[in-house]
Each structure stands twice: as structure tokens, then as C-alpha cells.
Amino acid sequence: MSEQEFILPADWRGWVWQGGDNPLALQERYLSLLPLQPGEVLVRNAAIGLNPVDWKVLDTQRDRVPGVDGAGTVVAVGSDVDQHWLGRRVAYHQNLQRNGSFAEYTLLAAQVLLPIPDGVDFATAAAFPCPALTAWQAIEKIPVEPGALLLISGAGGSVGHFLVQLAYARGFEVTTLSGERHWPRLHALGAKRCYSDEQHDASAVKERYFAVIDAVSPEKAALLANNLMANGHLVCIQGRVKEWPNPAFGRALSLHEVALGALHQHGNAEQWQRLTQQGEQMLRQIAQGTLQSEMLLHFSWEQLPAQLLALQHRNFSGKQVILL
């Protein structure tokens, strides 16, 4: 397929953030097509995945299009990008320093593209990058010790959904902290024990964990560090603990932090290749049924601001996807 077979628009719709009290202040605007630079591609979005980071960083996105996750078709490539990308179905995680996925088209660095395998639709692919790749980065921080006790805090969310599966596949004995409504799903994904925060804090729970992965807050991570055994690992996803969790040469804990944005700002080509190859492999596992995607909730383009607000005040299960 040649580039001439795609009719590129002069402009397209996008949701732009110009400040406000909540996501309902997003404004629909028309965006102009800019010349592609070397290393760039243009993707015509078919689906947009909503993530908590999308509302958490709105104040950093003024005069830009928010959104980190999307999926669609590559319709144009920069001068040095392999032509084989043209017409390919792809998913992506976008750099927060650029216009994001809340638009009909998104300009991207080619190195972030994830080819979508047959058997995976655009909605499933758009729901994948941020939570699944974050989960993979988190589990990669921990040495594999089959049978070792691992605690996942905030396991009911999107990242936890994939983390439980990845940890179980590596042989860890998985315990989760989440709301009770998530327990049947987490057990089915591989969690041996599911607790609420209150149950885990009770004196009857005395486990010492080889690793704790927290997807709630720095304060929660600091509290859970007390449940680690000697030479244990604390992995922080939603903010790093303010202080090292133990005195020097005490329990000798290892502290890790996870942020996909770090690769956008500081990663090299080899690191991106490894991440996208892993993402492609996980998408193939979803196609094969050996990795479970979340339950998807489909919404229209016009519903995007309202659904982002709903995500900010989350009281539902499932993953919101905007269909174009």
C-alpha cells in the first residue's frame, strides 16, 4: 500500500485542554496537519483507551490534546520510516510532551508503535498499552523466585489486572489488596489470596513478602514496606516513597519505581525495541487467549469528557474505551 492511497485531512477533531475544574472542561477543536518529521508517523485513530494518568496530569497539558493510549491505522510516515508501516494496524503509548490520543489523528514517534496481531480488535488494543506495559515494567524489577510471596496493592485496577497474570505466570504466590468486588476476577487470574486493606491490616495477617508492588500511593507503599522480608523488593507505580523504607544495613530492601514516561524522555532505541517487542508478544497472548484483557466498556467520541470525569471518581469495574 502506498502513501498516495491515503487521503490525509487538512484538519481533524481533537479534545484540547485549556484549563478548568474537571475533565468536562475539555474543548473540541479542529487541529491542523503538520509536515511529518523524520522518525514520525501519523495514525488515524479507531479507538482511545482512557487511563487515570489522563486526568491526573491535565494541568500539564494546557493547549494540548491529552491522552496516552490509542489504536488505529498508520496513514503516513516520515522520510526515514520504513514504508511497511503504512496501512498497519497499531496501538501506542504517547509521550505526554506531545499531542495525545484524544483526537481523530495522532502524530507519533515510529519507535513507540505496537503492531496489532490478527484476532485483536482496535478497542482491545487501545485498552492495552499503558496498563499492560506498566505491569510488565513492574514485574521486571523483581528477580524471579517461583513460590515467593508477592503482594499487589491496588490490584483491582487496570495495571493490577495484568500484574496478577504476569506474576502468576512467573511462579509467584500472589496476594492482592483491592475492593471486594474485584476478588472473583483476581482469583480467576491467579491470585491465591485477596484481601481488603482492613483485612490485611488485621493482626491475624502476618505474611512477610519477598516483594510488594504498590499501585495506590507513596503513603500506601511506605506502609506496606513494613511487610517485606529481608532483601525484599518494594516497587512503586503511583509515586515513589519519600524516604528509603529502612535504615542502612537493616532489612536491606531494594526500592524500585516504574514510569513509562521515563522512556519517552530518557530511553534509547534499544529500550523501546525491547518494550514494543514485549508489548507485541503480550498482544499475541491476548489473541491466543493465554492473557486476559479487561472487560471493555465502549463509549462514543462525544462521551469522552464525561467518561474521563467518571474515571476520576471511579466506582465501576471495566476499562473505558472511546470508539471513533
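1. A word on classes before we start: Ala, Val, Leu, Ile, Met, Phe, Trp, Tyr, Cys and Pro count as nonpolar, Asp, Glu, Lys and Arg as charged, and the others, Gly among them, as polar. With that in hand, look at the lining of the second largest pocket, which has eight nonpolar, five polar and five charged residues. Please keep in mind that this is a predicted model.

2. Let us stay with that second largest pocket. Its volume is about 420 Å³. A total of 18 residues line the second largest pocket, and the closest to its centre are Gln137, Lys141, Glu257, Ala259 and Leu263. Helices α3, α8 and α9 (269-288) each supply at least two residues of this lining.

3. Now for the largest pocket, which holds about 1,100 Å³ of space. Its lining is made of 42 residues, and Pro52, Lys56, Val159, Ala215 and Gln238 are the closest to the centre. Two or more lining residues come from each of α1 (52-56), α3 (129-140), α4 (158-169), α8 (261-266) and α10 (304-312). Which element gives the most to the lining of the largest pocket? That is α1, with four residues. Sorted by class, the lining of the largest pocket has 18 nonpolar, 19 polar and five charged residues.

4. Helix α3 is a good one to trace by eye. It has 12 residues and reaches 16 Å from its first C-alpha to its last, close to the 16 Å expected at 1.5 Å a residue. Is α3 mostly covered or mostly open? Mostly covered, with 11 of its 12 residues buried. Among the buried residues of α3 are Pro129, Cys130, Leu133, Trp136 and Ile139. Gln137 is also one of the buried residues of α3, and you have met Gln137 already as one of the residues closest to the centre of the second largest pocket.

5. Next, find His264 in helix α8. His264 counts as buried because its relative accessible area is 16%, and buried means under 20%. What joins the side chains of His264 and His93? A polar contact of 3.0 Å does. Not counting residues up to four places away in sequence, His264 touches His93, Gln94, Asn95, Val112 and Trp272.

6. Gln307 makes a nice companion to His264; look for Gln307 in helix α10. Its relative accessible area is 14%, so Gln307 is buried. Leaving aside neighbours within four places in sequence, Gln307 is in contact with Leu50, Phe299 and Gln320. Try following the chain from Ala103 to Gln307: these residues are 204 apart along the chain, and their C-alpha atoms are separated by 15 Å.

7. Finally, here are two backbone angles to check for yourself. Phi of Asp63 is near 65°, a positive value in a residue other than glycine. Asp63 lies in the loop between α1 and β4 (69-77). Is Asp63 buried or exposed? Asp63 counts as exposed because its relative accessibility is 53%, and the cut-off for exposed is over 50%. Asn231 has a phi near 65° as well, again a positive value in a residue other than glycine. Asn231 is found in strand β12, residues 228-236, whereas Asp63 sits in a loop.

Notes. Residues numbered from 1 in each chain as written. Predicted model: local features only at pLDDT ≥ 70, side-chain atom pairs only at ≥ 80, totals over all residues. Heavy atoms only, no water. 1 Å grid on protein atoms, 1.4 Å probe; cavity = no way out; pocket = protein on both sides within 12 Å on 5 of 7 lines; lining within 4 Å. Points joined across faces, edges and corners; volume = space filled by probe spheres on them. Buried < 20%, exposed > 50% of the residue type's maximum accessible area, 1.4 Å probe, protein only. Polar contact = N/O pair within 3.5 Å; in protein donor to acceptor, adjacent residues only side chain to side chain. Contact = heavy atoms within 4.5 Å. Expected span 1.5 Å × (residues − 1).
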